[in-house]
Amino acid sequence: GEKTLQAVKAGTIGMMHARAAVAVLALALLVGVCSVHAACSRGGSATPYDARKDKTKLRVATYNAEWLFDGVPDADGKKDLGMDNAADAQKHFAAVASVLGKLDADMVYLQEVEDCAALERLVSQLPGRGYRAYFVQGTDTFTGQDVGLLSRLEPALALRRTPQGVQYPVARSTCGYAAGQSKSTTVSKHFFAAVDVAPGKRLYVSNAHLAAGDRDPAEHARKCAQREAQATVLVEYLAGMRMSASPLVMMVGDFNDGDAKVADQRGDLAESRASAIVRGSGLFNAIELFKGPSSQRYTASSGLLDHVYLSENLRASVTSTLIDHGARGVSNHVPLVVSLDFGGDDGGGGATSPSNGNADASTGQSAGDSGNAAATPSARPLTVAAAVTLFFIFLGGRARQFRV
């Protein structure tokens with residue numbers, strides 16, 4: 001009997017160990033799910049999240065955060081091009097979070113972020129601010145850079161991309177790139193979305209990072225012409241998303257070029273026609289309403305490269321345009337911030353939100369989406385703390401079941 005009891009105990013303990021191992025594996029998988037930051041959504045839920053204190057106002061920022069990467073080599077050993085040290089990356093994240101905390105914008109459109117994990121890392125360093133991260137994967141495989149959104153206001157139409165390409169040089173190009181060298185380009189770093197900013201007011205948005213210049217004159221001319229084509233891609237896709245005769249539209253991001261009408265701190269206008277193409281679609285540059293001196297009209301050392309373009313029917317809603325020069329030194333760009341007030345505004349024939357809240361009558365949710373699936377649910381993922389709790393509940397139940 002004694003040997004039999006010992007054998008039963010040994011078998012029971014072995015079974016407990018096996019089940020515990022399974023539980024540990026399950027916990028590891030759960031933590032793994034959290035580590036890939038399933039919390040990043042593309043928006044588009046049936047009841048979009050809105051944590052703004054005043055839902056008649058909207059404060060928007062665009063900010064190139066300069067290599068907001070974790071500094072850890074990828075699984076294949078490839079290092080991040082612009083941030084290859086995890087300790088430096090940690091300091092950079094903290095500095096960027098500090099800048100965003102002071103801005104207190106409702107929607108922060110970011111450029112040069114690594115991925116969803118980078119956005120979630122920023123959210124974790126801005127507790128109590130009401131931010132959620134929104135992201136869709138881009139196609140820049142060389143730098144790995146992407147664009148993203150931190151927002152208190154969930155996009156009513158999920159983030160989407162277009163694979164559309166345009167030949168360049170475009171008509172009337174100002175870049176000096178020979179027409180005989182015609183090429184085609186897409187926009188590797190961008191997304192489109194739509195946000196219900198007030199009752200009956202839907203704002204169609206693009207966030208993009210256009211091609212940078214180059215030290216080689218010939219390559220610089222090509223990149224200049226490429227920006228013109230990329231601006232054309234953005235304008236054409238936004239035109240397809242619009243749902244009314246007089247829609248509300250906003251185009252933000254790092255255009256790597258100046259504006260066609262408003263000179264920067266050195267008196268320079270745009271090199272390419274990218275700005276003129278955007279303006280030609282019925283938009284104006286919010287920098288027109290900047291009240292600071294001309295010496296402050298820059299968002300990077302090389303000039304006024306970051307922009308917020310708005311449809312003319314939003315001009316009266318803009319209450320301020322600011323450039324945060326206090327953020328100098330954190331990135332090679334500084335944030336551009338635009339505040340709008342929709343209170344008491346009849347919209348001037350602005351866009352009307354569709355009744356279902358998350359469909360797009362003109363393109364459909366997945367139109368031009370470059371193969372991306374429909375929006376991920378906006379529900380928050382299982383946290384590590386919840387996973388640990390479930391793990392111990394599981395172990396407790398197993399121990400009671402096999403106690404001898």
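Leaving aside its neighbours within four places in sequence, which residues is His190 in contact with? The legends below, drawn from a predicted model, begin with this residue.

**View 1. Surroundings of His190 in strand β8.** His190 belongs to strand β8, which spans residues 190–198. With neighbours within four places in sequence left aside, the residues in contact with His190 are Val147, Arg161, Thr162, Asn207, Ala208 and Leu234. The relative accessible area of His190 is 0%, so the residue counts as buried, the cut-off being under 20%.

**View 2. Polar contacts made by the side chain of His190.** Two backbone atoms are shown with this side chain. The backbone oxygen of Val187 is reached by the side chain of His190 at 2.7 Å. A polar atom of the His190 side chain also lies 3.1 Å from the backbone nitrogen of Thr162.

**View 3. Burial of strand β4, residues 146–151.** Of the 6 residues in strand β4, 6 are buried, and the strand is therefore largely enclosed by the rest of the structure. The burial extends to both faces: one side carries Asp146, Gly148 and Leu150, while Val147, Leu149 and Ser151 lie on the other, and all of them are buried. Val147 of this strand is also among the residues in contact with His190.

**View 4. Pairing of strand β4 with β2 and β3.** Strand β2, residues 107–113, runs antiparallel to β4 and is joined to it by 6 bridges. Within this pair, Met107 stands opposite Ser151, and Tyr109 is placed opposite Leu149. Strand β3, residues 132–134, likewise pairs with β4 in the antiparallel sense, here over 3 bridges. Tyr134 stands opposite Leu149 of β4. Leu149 is thus faced by Tyr109 and by Tyr134.

**View 5. The open sheet that contains strand β4.** The sheet is built from 6 strands in the order β3-β4-β2-β1-β14-β13, and its pairing is mixed. Its edge strands are β3 and β13 (318–323), each of which pairs on one side only. On average, and with direction ignored, neighbouring strands of the sheet are turned by 20° against each other.

**View 6. Helix α2 on the sheet.** Helix α2, residues 86–103, packs on the sheet and touches β1 (57–68), β2, β4 and β14 (336–341). The direction of this helix makes about 165° with that of β1. Strand β4, touched by α2, is the strand in which 6 of the 6 residues are buried.

Notes:
Residues numbered from 1 in each chain as written. Predicted model: local features only at pLDDT ≥ 70, side-chain atom pairs only at ≥ 80, totals over all residues. Heavy atoms only, no water. Buried < 20%, exposed > 50% of the residue type's maximum accessible area, 1.4 Å probe, protein only. Helix = DSSP H or I, 4+ residues; strand = E, 2+ residues; numbered from the N terminus. Pairing = 2+ DSSP bridges. Polar contact = N/O pair within 3.5 Å; in protein donor to acceptor, adjacent residues only side chain to side chain. Contact = heavy atoms within 4.5 Å. Axes fitted to C-alpha atoms, helices over the stretch in contact; angles between N-to-C directions.
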